[in-house]
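Thanks for sharing this one. Here are a few notes to read alongside the model.

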Amino acid sequence: MASVGETEPPAAGIVIPEEWSNAAHTIAYDSISCPPPIALVCGPKNSGKTTFSRHLLNVLLQRYKKVAYLDTDVGQTEFTPPGLLSLTVIDKVTPDLTIPCLKTPERCFFFGDISSKRDPTTYLTYIFALYDHYRKEYCMFDKIERHHAGVPLVINTPGWVKGIGYDILVDMLKYISPTHVVKICISTESKNLPVGVFWLDEDDSTSTTIIEVNSARQDSFKRSVLVQKDARLMRDLRVMAYFRQCFPSQLNITTIKELANALAAQPPFEISVSSIKIKHLHCQVPKTEIFYSLNATIVGLAISSESGENLSPCIGLGIVRGIDTFRNILYLITPVPPDSLEKVDLLLQGFIQIPTCLLQVQGCVSPYMSANVLPSD
């Protein structure tokens, strides 16, 4: 039985090929790259983008105190649960690339799906907003020292590189204009991205350095290089690891059944429906069905944008444990602290599902026993 303490099934240690190490070293120590590098990693599915991105993070951390990581793969997120687009600032090397770990992002948005195909426009809007936030907060010029004191950025992208997925990647590249683009190629050439600066017209010029590397499932000694992933299992494990944070780390919860029982016994937060707005992403729900559609689902906990734009930052996820339609009260399980939860005024419902293995345990999403009541305004 899978352990909820792990965010990925056990895997043998991986070995980074020399070609990848050279590419990462080039990006980290390229003397031309000032301010610090902005590296976008792209390629088809299962080519090793995430493994390379995390290796690049480690190499950059040997030179810089902090590195920013923009995760645009909503289906296979690295530091957050699925369905989120996030900017995370990393300050510690993670030697074992086979073990993803949850981190609190600097800023994130709840897209609410595992693919961008339902709403490419909103998807790109969120990515551009995260990049703008990075530029504002971390690309600064130190006037005293007279040098750029910024933080490098690694951008991991989805493996959907054909059709609309290709167009989305092109728009992303044009907006961000990275200093380096790493294209990972697989043996099936028809699935690879075009050669050269494929996102620009012939007459356009760019200073972007393009680095092409081959995907590597094994090195010359037949040792594992890439972590083989079951996409749905990975998403479920990340969701479970996230909600495991509802409980103290010293509490003995090591199996799915133990987590399900703990969630069932956890007193939920009590939230007045009148104090929040409910927004359904990617679909329309009749008013008479809103409560029914929310019950036993995962929602994004967001704070309405002060600018009035559709850019409401997400501070976490919650499970709607139950709804009292007579009192207009919603019962929520979340690891988000109460003082942060008080700021939430928007619930976003998408298509991120509670793992089936949790629902199959009797009582996991049963009626509440008692509630933590948030203070009203």
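The points below go from the whole chain to a single strand and its partners.

1. Please keep in mind throughout that this is a predicted model. As for its make-up, the chain contains nine helices and 16 strands.

2. Half-and-half is a fair way to picture the burial: of the 377 residues in the chain, 50% count as buried. The accessible surface amounts to about 18,500 Å², and carbon and sulfur atoms supply 51% of that area.

3. If you like contact maps, have a look at the sequence separations. Among contacts in the chain with a separation of 6 or more, 73% join residues that lie 24 or more positions apart.

4. Now to strand β2, which covers residues 67-71. Five of its five residues are buried, with under 20% relative accessible area, so the strand is largely enclosed by the rest of the structure. Neither face is left open: Val67, Tyr69 and Asp71 are buried on one side, while Ala68 and Leu70 are buried on the other.

5. Which strand pairs with β2 in the antiparallel sense? That is β3, residues 84-90, and the pairing runs over five bridges. Within this pairing, Thr88 of β3 stands opposite Tyr69, a residue already met above as one of the buried ones in β2.

6. β2 also has a parallel pairing, with strand β7 (residues 153-156), over four bridges. Here Leu70 has Ile155 of β7 as its bridge partner. For a quick check in your viewer, Tyr69 with Thr88 and Leu70 with Ile155 are handy pairs to pick out.

Terms used
Residues are numbered from 1 along each chain as its sequence is written. This is a predicted model: local features need pLDDT of at least 70, side-chain atom pairs count only at pLDDT 80 or more; totals for chains, interfaces and linings use all residues. Side-chain values use heavy atoms; hydrogens and water are left out. Helices (H or I, at least four residues) and strands (E, at least two) are DSSP runs, numbered from the N terminus. Buried means under 20% relative accessible area, exposed over 50%, partly exposed in between (1.4 Å probe, protein chains only). Contact means heavy atoms within 4.5 Å. Accessible areas come from the Shrake-Rupley method with a 1.4 Å probe; for residues, only the protein chains shown count as cover. Two strands pair if DSSP finds at least two bridges between them.
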